[in-house]
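Work through the following exercises with the coordinates open, and take each solution one step at a time. The model is a predicted one.

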Amino acid sequence: MDTIHVATAGRPSAPGAARKKSVQLVEFTAMHGVRYSVTLGYLKATSVADPILDESCEFRISVREQSGGAQAMTELLDSWDEPFAVALTVFFWNRAQSLELARQVKQRWPNCRVVVGGNDVSHQQDPLFTEAPWVDVLVHGEGELRFRDLMRCFLADGDLATIPGISHWSDGVVVTNPDADRITDLGQVASPILTPVYSDEEIAGSSMIVYETNRGCPYKCAFCYWGGATNSKVRQFDLDRIFDELDRLIRLMPTDATLFIADANFGILARDRQIAEHIVELCRRHDKRLIISTNWAKNSNDRIVEIASMLHAADLTGAITLSAQSFDTEVLKIANRANIRTDHYRRLLSRFRELDVPTYTDLIWGLPGETYESYLNGVEEVLTAGGSPVIYPLLLLNNTDYSRESFQDKHKVTTRWMPCDVTNPELVADVVVAHDTMTVEEWVHGMGFRVAMTLFQKILLRCALRVIHSTTGVRMVELCRKLWTFLLDDCADPFLRAVARNVAAAHDEPAALDMALLKTVIGDQVIVPEEVHFQALLCRAITTERATTDLLNAAVDWLCAELADSGFEVDRVLVDGALTLDIAATTILRASMRGDLDEAQFAVPRQAWNLLVAAGDVPSSLDATGQGSTVRGTVWAPPRWVHYPISVYALSIWHGTGRPLHDLLFALPDRLPVHPLTV
């Protein structure tokens, strides 16, 4: 049975006093270990700040992991007395569970008011009430003040027509009231951190805290609800309030928990540097190592470099997001991103590389106007610049320009209702699988390419591929595509071949996902059910040092033969030297998977070593001067890696945070052992 997070406010009723009405606030989360909901916290804090509601109602928050299933939903309902109202926050990933819970609530307690809100249902009254006629009220946009007003109206049995920004049933038809004004003074939204909404124990028990310092986005990206639907000015929470909230959060949060700053463009405001400085100081004061994550400003600037470098130096962040989505000018124009300059991206990536600050670059496969070739060109842009591409499928989100029928007709957009990650059936969405410049077959190829690129370029053959690319001029993406062909057709391991083939099969038809095969390969290693194909391939490839060595030598031999047949001359001395570093780097993966802390040696020709340092594949802090024509050394995993699950580490690499060659301990001749991150 999943643990139910419950937060209560208000004082116990005195003997003989009228019993407070029960109001249940519910959010289903896809994140493991999350017990804190900023959305529900705002609703509760703003409601109990109203004396009438605080006197009349008891608000209780339940944050539940989606994986609990029907039994957990029944247990949640059984834990309630008859509620006066139930409110649910709805996103695309929890829509099915949320509306099913709403149905069961109405079935059990017909007089209970059911209220929903959130990005996925806001301004979607016609489809929402058709799909879920048991819902009483839909709140559009920002919900804190609307929900407070709703509750007062419910208590007084008042007229819902007086409340702006909602849709509701009236005499058997759905009525939508005039829009509500956007909240310009965020001081009207009570703090869930500075009021008794969450106890100390509840904050300390959550693996992630989502936190806002401002609201709004000045951009109008066509695929994004955030700016595309609102195009709003940035509104700021009071800085003193932010400092007080952060002090409590950081004091209580567990070590290695994530503080996600959910601003649309952190770093866009000058004061964001002050906020970052305050976070660093609080972590030092409270002796906390946290993971600070955020949405960095789209048009990145020098302030981003300063803030990110500061957090990285304090060991408070993994990789910094550089938001590109595409490098094709026509695609960006269609997406309303023409004002987000890619030359900023290239300049900042270079600066971050010089500082050894890890980055990853968001790309979306399937944007209208994108072709398979332009998609590969964008990935190549990132790889040759030394970046780490993280590629997502395009989801057709409600309330975006892409979701408009006229836009879809113009670009011949085809979608499929399917898991946006085919190995995680809980995350179902409207996925774009074709349009006028992309076929379904090309989309499937592009989704498979993500796996090939991550497996080979980010992990198994990063150094060898860099040397081959730099000395022959063959594109990185072409090398990754060739290696995927090797894995599909010529790899000696039948399990690797079968898993690789299932990638395309499952994207072509999600029902073809062979989870039994994946479990056979990966066993009980999966802790996070995300990109399980990739996890299975990686775990199989690194089972033992001998298995890894045989696989990577065979892959390089096959690749070099393919290139030679095409007229390319490969310097095997340089490539084989780089390969010794690739094989050595897998020790950190086996440490994570099996608890082994073995060391490994490498010997890389200086010419190849210099290429790797220049590209950022090897930390520039490793000074290898004066060691002759070959750079030799030893690597091993830091001891903490034996407690770092391979599933978690593999996905950190997928998402650009984990970097095996930067996470290892190095020892070079005549030097003390070095951890690159702290040199």
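**Exercise 1.** Determine which residue of S6 stands opposite Val 115, and then trace how the chain travels between the strands around S5.

*Solution.* Begin with the pairing: Val 115 has Val 137 of strand S6 standing opposite, and three bridges join S5 to S6 (residues 137–139), the two strands running parallel. Between these two strands the chain passes through helix H5 (residues 125–131), in a β-α-β crossover that is right-handed.

Next, turn to strand S4 (residues 85–89), which runs parallel to S5 and is joined to S5 by five bridges. In this pair, Val 86 is the residue opposite Val 114 of S5. The connection from S4 to S5 goes through helix H4 (residues 95–108), and this β-α-β crossover is likewise described as right-handed.

Finally, consider burial: strand S5 (residues 113–117) is mostly covered, since four of its five residues are buried.

**Exercise 2.** Classify Arg 462 as buried or exposed, and identify the residue whose side chain joins that of Arg 462 in a polar contact of 2.6 Å.

*Solution.* First locate the residue, which is found in helix H17 (residues 462–472). Its relative accessible area is 14%, and because buried means under 20%, Arg 462 counts as buried.

Then examine the surroundings: with neighbours within four places in sequence left aside, Arg 462 is in contact with Gly 386, Phe 456, Gln 457, Asp 582 and Asp 617. Of these residues, Asp 617 is the one whose side chain makes the polar contact of 2.6 Å with the side chain of Arg 462.

**Exercise 3.** Describe the salt bridges that Glu 277 and Glu 281 make in helix H10, giving the spacing in sequence and the exposure of each partner.

*Solution.* As a starting principle, side chains of opposite charge can pair when their charged atoms come close.

For the pair Glu 277 and Arg 273, the side chains meet in a salt bridge with an N to O distance of 2.3 Å. Both residues lie in helix H10 (residues 272–285), four residues apart, which is about one turn of the helix. Glu 277, at 36% relative accessibility, is partly exposed, and Arg 273, at 29%, is also partly exposed.

For the pair Glu 281 and Arg 284, the salt bridge has an N to O distance of 2.5 Å, and the residues lie three apart in helix H10, again about one turn. Here Glu 281 is partly exposed at 27% relative accessibility, whereas Arg 284 has a relative accessible area of 57% and is therefore exposed, the cut-off being over 50%.

Technical notes:
Residues numbered from 1 in each chain as written. Predicted model: local features only at pLDDT ≥ 70, side-chain atom pairs only at ≥ 80, totals over all residues. Heavy atoms only, no water. Buried < 20%, exposed > 50% of the residue type's maximum accessible area, 1.4 Å probe, protein only. Polar contact = N/O pair within 3.5 Å; in protein donor to acceptor, adjacent residues only side chain to side chain. Contact = heavy atoms within 4.5 Å. Pairing = 2+ DSSP bridges. Right-handed = clockwise from strand over helix to strand, strands pointing away. Salt bridge = Lys/Arg side-chain N within 4 Å of Asp/Glu carboxyl O.
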